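The following exercises ask the reader to work from coordinates to a structural description. Each task is followed by a solution in steps.

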Amino acid sequence: MITERILLSIETSCDETAAAIVTEDFRVVSSVVSTQIPLHAKWGGVIPGIASKQHVIAMNGVVREAMDSAGVKPDDLAAVAVTVGPGLPGSLAAGVSAAKAIALAWSKPLVGVNHLEGHLFSAELDGVKIEFPAVYLLVSGGHCMLVYAPERGKYKLLGTTKDDSVGEAYDKVARELGFEYPGGPVIDRLALTGKESYQLPRPMLDVGYDFSFSGLKSAVRRVIDQGNAVAEDVAASFVAASMDVLTTKLKRAVEEYHPKSAVIVGGVSKSPVLREQLGNGALGDTKIIFPSLKYSTDNAAMIGAAGWWQFTHNGPIEDTVGMMPRLSLPLAGGETESASMEGRLPIRRQEDGTDGGK
Ligand code: KG4
Ligand code: ZN
């Protein structure tokens with residue numbers, strides 16, 4: 001019997017259909033992830049049309065399993081939270097429409113969640129507490145960014161990628177080597193037995209907090225095009241170069257901002273090399289925190305935690321909200337990550353003129 005307040009969260013921004021039940025203090029009561037990887041594997045990446053259709057097919061079963069395995073009935077829920085963006089438009093639309101229908105049918109407030117903020121909360125599930133100020137390194141298939149947070153929920157973007165994300169580079173290198181999507185796990189596995197025998201560039205290593213991975217990816221392609229490349233060694237050289245960039249930039253941010261915690265999240269945070277290089281003590285007094293492996297890649301539990309944060313601080317979103325494929329991280333000064341991106345979630349105004357929530 002669950003005595004805490006709980007919400008149902010739904011995530012469909014890319015190729016995982018996921019639902020979870022999460023308590024107000026971020027305990028995960030159930031977390032169901034239906035992956036589409038087998039449907040996309042042979043194409044070397046996610047095919048948007050296949051992804052959105054599959055979300056619609058899988059949604060009911062995934063939500064039902066999350067509710068049933070938690071022993072939860074609609075009446076027990078305080079709210080329904082859903083990823084509104086950023087992500088693939090058709091994929092997001094499938095999740096947002098389902099969440100809106102559920103919220104309407106069960107008379108629950110609808111909470112909009114930013115997928116990026118979801119990843120930032122993934123390290124705080126099941127009792128882990130981050131001490132602030134914190135620096136986050138978000139490394140996924142869609143994003144690669146360094147974020148400074150003086151307190152939970154307040155963000156300053158330090159740097160982002162100028163081209164590919166590191167996860168995308170993993171996926172493209174895997175494809176060049178003839179392996180299926182996603183590239184992360186296979187490249188990491190190959191790298192274990194390979195030697196760093198190819199000299200690969202470390203783009204933008206010496207300056208600032210921005211990233212660039214397309215030059216590294218092209219350098220790998222040139223090595224492969226020359227023929228006789230040893231896949232294990234290519235993987236080991238690529239992993240060494242990309243992890244060098246990630247850890248150097250993170251260390252730079254830690255030296256400048258002296259955070260209490262350095263939090264590494266997103267699919268690439270599964271990398272055993274990254275986890276080894278950023279073992280205890282690697283950043284001096286700054287505590288290094290990784291999410292558990294099951295919460296590194298996309299899931300709905302992290303959306304539940306960020307959903308609680310949104311719900312209690314900003315309240316539900318407007319009923320008219322659709323998906324926001326280019327939503328950016330809400331930054332402390334009110335500015336957005338990029339002028340061309342959509343900014344903030346439209347929060348529902350209460351009748352007394354406040355933003356609701358608490
Ligand atoms: O966070 P995520 O599930 O989805 C996005 O929000 O993008 O990240 C997916 C990315 C893929 O590019 C995949 O290749 C990468 O995470 N990935 C890994 C590993 N497992 C997945 N990268 C490095 N090492 C891994 N073990
Ligand atoms: Zn993600």
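The exercises below concern a predicted model, and they treat a sheet, a metal site and a helix in turn.

**Exercise 1. Establish the strand order of the five-stranded open sheet and identify its edge strands.**

Step 1. The strands follow one another in the order E3-E2-E1-E4-E5, and their pairing is mixed.

Step 2. Strand E3 (28–35) and strand E5 (110–114) each pair on one side only, and they are thus the edge strands.

Step 3. Direction ignored, neighbouring strands of this sheet are turned by 20° against each other on average.

Step 4. As an instance of pairing, strand E1 (residues 6–11) runs antiparallel to strand E2 (residues 16–23), with six bridges between them. Within this pair, Ile6 has Thr23 of E2 as its bridge partner.

**Exercise 2. Determine which strands helix H3 touches and which strands helix H10 lies across.**

Step 1. Helix H3 (residues 89–105) packs on the sheet and touches E1, strand E4 (77–85) and E5. The direction of H3 makes about 160° with that of E4.

Step 2. Helix H10 (residues 301–313) lies across E1, E2, E3, E4 and E5. Relative to E1, H10 runs at about 120°.

**Exercise 3. Describe the coordination of the zinc ion (ligand 2) and classify its geometry.**

Step 1. The coordinating residues are His115 (NE2), His119 (NE2) and Asp298 (OD), at 2.0 to 2.1 Å.

Step 2. In sequence, these donor residues show the spacing H-x3-H-x178-D. His115 and His119 both belong to helix H4 (residues 115–121), where they stand four residues apart, about one turn of the helix.

Step 3. The four donor atoms around the zinc ion (ligand 2) subtend angles of 95 to 130°; the arrangement is therefore tetrahedral. The criterion applied is that all angles lie between 85 and 135 degrees. For reference, the ideal angle for four tetrahedral donors is 109.5 degrees.

Step 4. Burial is assigned under 20% relative accessible area. His115 has a relative accessibility of 6% and so counts as buried. His119, with a relative accessible area of 1%, is buried as well.

**Exercise 4. List the buried residues of helix H5 and the elements against which they pack.**

Step 1. In helix H5 (residues 166–176), the buried residues are Val166, Gly167, Ala169, Tyr170, Asp171, Val173 and Ala174.

Step 2. These buried residues pack against two strands, E6 (134–139) and E7 (144–149), and against the helices H6 (183–193), H7 (214–225) and H8 (231–257).

Step 3. After H5 comes Gly178, which has a positive phi near 90°.

Notes
Residues numbered from 1 in each chain as written. Chains lettered and ligands numbered in written order. Predicted model: local features only at pLDDT ≥ 70, side-chain atom pairs only at ≥ 80, totals over all residues. Heavy atoms only, no water. Pairing = 2+ DSSP bridges. Axes fitted to C-alpha atoms, helices over the stretch in contact; angles between N-to-C directions. Contact = heavy atoms within 4.5 Å. Donors = N, O, S within 2.8 Å, 3.2 Å for Na, K, Ca; no water. Tetrahedral: all angles 85-135°; square planar, octahedral: opposite > 155°, others 65-115°. Buried < 20%, exposed > 50% of the residue type's maximum accessible area, 1.4 Å probe, protein only.
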